[in-house]
Amino acid sequence: MPTAWLRYPGGATLEMMRLLGIAFRNLTRAKRRNALSGGTMVLGSAALVLGSGLSDGIARQLTDNLVAVQTGHLLVLVRSDDFIPQNSPFDAYGQELIPGAEEMAHRIEAEGKAVGVARAVPYLHGRATAMAGSRSSPAGVIGIEPSREPELRAAFPSIAGRFLADGDDLSAYVAEPVARKLRLGVGDAVSFVVQTPKGGLNSMDAVVCGVFKKNAPWYDATFYVTLRAAQALFDGAGSGTNIKIELRDGSTSGAHRARDAVARMVGAPAGVPPRSRVRVETFDEAGRFSFSIIQANEAALTILSAFLFLAAGVGIVNAMLMSVHERTREIGTLRALGMRRGLVVRLFLLEGFALGVCAAVAGATLGGVLVLRLGSQGIPMNTMTLAWMAGGDALFPVLRATSVARAAGAIALLSTLAAAYPAFAASRLEPREALQHV
Amino acid sequence: MFSLLILLLAAAPPDAEAILRQADKAVLGETSVYTLRMTVVRPGKGDRVVEMRGWKKGDTQGLVRYTSPPKERGTAYLRNGESTWLYLPSGEKVVRVGAKQNFGGGDFSNADIFRLSLVLDYTPTLAGEEEMEGQPCYKLELKAKDRSVAYDRVVYWVRSDGTFYPVRAEYYTIAGKKLKWLTASDVDLLGGRRRPTLLTMENALDAGARTTLRFLAIEDGVKLDETLFAPSALERGE
């Protein structure tokens, strides 16, 4: 008498659907064991989603911050021929003045429309000593064109006072940590002393117009002034250390495509120091430090995932082997009734798949909820080490559909693959011996 | 008539550059070997005292070696031309340092220590005569000859009683902010002639902080070999 699994009028698809149905039903036969191995996978997939959320959050805030504050999508700066990256967050700042940086930025903006240039903004970065009353601190002074820096303004929102205004050449916009160190508030006077690139010492007095909430720890001692004020301070009229270029296509590939065209516009201007040249770098090149953190986080996540997979995989193999052992007589009966070895393999693989799908859905949901919750309130990075790793005083995890799908798919696949050995073991049972199993 | 002209010339003050040249040589001679004690005073912290021996030849060559405290003995600064080097015996390495970097953690910069001749870098004008630190002085306005000089402007008081001892110098940035001020005091007999023996530098960047250089011994007119000022000699600790 042909049984249901010997002949399927509906073809292979129907056969698979029925086997899948049986597989799901079988999961409920050993609730405790399947709950334990499924629970491991739920936690594993939730951890994967959470880990991806943390990693994606770090990547996003480091990249967004880098592009908004330091590099834009393309960065023009002078590098000496023997420049060696120090893997420092200050690598992106040029060490030499670009002669005629303002004029060069205007030219890039005018001529670069065809290659996707939306905006080209010069800025001037230099080191200084900041003084207020009897206190002093090492500082970074950055001259900007305030109205042309909307991304910077959004990245560093004021917590007191206001952002710089164009023409406000006697004002300074101050990072909160250095303002606290020097006991500076809005309306207070601050002085800067610098050594100019030519070698002389210069100074500037300014009034604090605003205090901003900085993100990454390397901006703790930053003072923004207008570009004109910085040019006077560093004795470099019309110059800057960097030109930040915003592209319409801000992707990494878009930046790499536009770089060569911008490099041709920049050329080799006169006045660049000997053994140095003007270079155009994409944000991932100029921001090596940020991208090395991103890569380190991704590597850590990969290693963590591998261990999670290994632990979950061993659990699944063990649970399925137990299942095969307990169901030896049942398998023997099915084989005696004519069930082919291939069908036995498929049945156990589908049981593994069914368990994996259930665990992946539950785990991804749990992880997704956690990421959304943490992403809305942020995770405080209370120590300096954590703040450097996360590129900010708080970390906001990001939930990406691709990360969730990847984690869920990986868990379901793992569960199915882990069932392969038990499925093969089940298929090798001889009906006569299996039926005698006690 | 001729006598009257001589009298008038004798009564007129010397020109600014001549005053500056005299003042440049008032503390150390053209070639000198000296011993000094540097004291770095920082509010709220203990004083740091270092003793050193120095050699000076002309306006562009100078060498200073620490002789105490024992843990810093052997540390040396060398200036030759426009370059300055630091030798740290613990690392057994010679490194080039900037002329504007501070000297030995105090308020003097390397340039302040080794570039004692102001006439090379500044164009002086006589701004008048006035009393400073209780002494009659010429007041000189010194303007940097180019933008590479550390201080764009120096106001310099030099005694007008014929000794040309420097009394006070104030150093200003390009924008006109007073950054440091130096006082020269304690005129005493040292190395066979009277001269200021105490230099005190104060710094607007660090209120209450100051660094003093007390000359303990000076010998002028010593013959010094050129090899003394070679960086290789610095490394050998000669």
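Chain A of this predicted model is divided into two domains. Domain 1 is built from two stretches of the chain, 11-64 and 291-436, while domain 2 covers 97-271. Try finding both in the picture: their centres, taken over C-alpha atoms, are separated by 49 Å.

With that division in mind, look at the outline of chain A as a whole. Its C-alpha trace spans about 100 × 45 × 35 Å along the principal axes. A compact globule of 438 residues would have a radius of gyration near 22 Å, but chain A has 31 Å. The secondary structure of chain A consists of 15 helices and 12 strands, and 46% of its 438 residues count as buried. If you take the contacts in chain A with a separation of 6 or more, 81% of them are between residues 24 or more positions apart.

Now let us zoom in on some helices of chain A. Helix H11 of chain A runs over residues 341-377. How far apart should the ends of H11(A) be? At 1.5 Å a residue, its 37 residues should span 54 Å, and the end C-alpha atoms are indeed 54 Å apart, so the expected and computed values agree. Just after H11(A) comes Gly378(A), which takes a positive phi of about 80 degrees.

Next, move along to helix H13 of chain A, residues 401-418, where you will find Gly409(A). Is Gly409(A) buried or partly exposed? A residue needs 20 or more other C-beta atoms within 10 Å to count as buried. Gly409(A) has 15 within that distance, so it is partly exposed. Gly409(A) also shows how a folded chain can bring together residues from separate places in the sequence: Val357(A) is 52 residues away along the chain, yet the two C-alpha atoms are separated by 8.1 Å.

A little further on is helix H14 of chain A, residues 420-427. Which of its residues are buried? They are Pro422(A), Ala423(A), Ala426(A) and Ser427(A). Seen down the axis of H14(A), these buried residues fall within an arc of 135 degrees, so they line one face of the helix. It helps to recall a general rule here. An α-helix has 3.6 residues a turn, so residues three or four places apart point the same way. What covers the buried residues of H14(A)? The cover includes helices H9 (288-326), H10 (328-336) and H11 (341-377) of chain A.

Let us turn to chain B. Its secondary structure comes to 4 helices and 13 strands, and its C-alpha trace spans about 70 × 40 × 35 Å along the principal axes. For 238 residues, a compact globule would have a radius of gyration near 18 Å; chain B has 19 Å, which agrees. Buried residues make up 35% of chain B. Among the contacts in chain B with a separation of 6 or more, residues 24 or more positions apart account for 45%.

Finally, see where the two chains meet. Here 16 residues of chain A are in contact with 16 residues of chain B. On the chain A side, the elements giving two or more residues are strands S2 (117-132), S6 (189-195) and S7 (201-212). Which of these gives the most? That is S7(A), with 4 residues. By class, the side of chain A that touches chain B has 4 nonpolar, 10 polar and 2 charged residues.

Definitions and conventions. Residues numbered from 1 in each chain as written. Chains lettered and ligands numbered in written order. Predicted model: local features only at pLDDT ≥ 70, side-chain atom pairs only at ≥ 80, totals over all residues. Rg over C-alpha atoms; globule rule 2.2 N^0.38 Å. Buried ≥ 20, exposed ≤ 12 C-beta atoms within 10 Å, placed from the backbone. Contact = placed C-beta atoms within 7 Å. Nonpolar A, V, L, I, M, F, W, Y, C, P; charged D, E, K, R; others polar. Arc of directions from axis to C-beta. Domains from an automatic or database assignment. Expected span 1.5 Å × (residues − 1).
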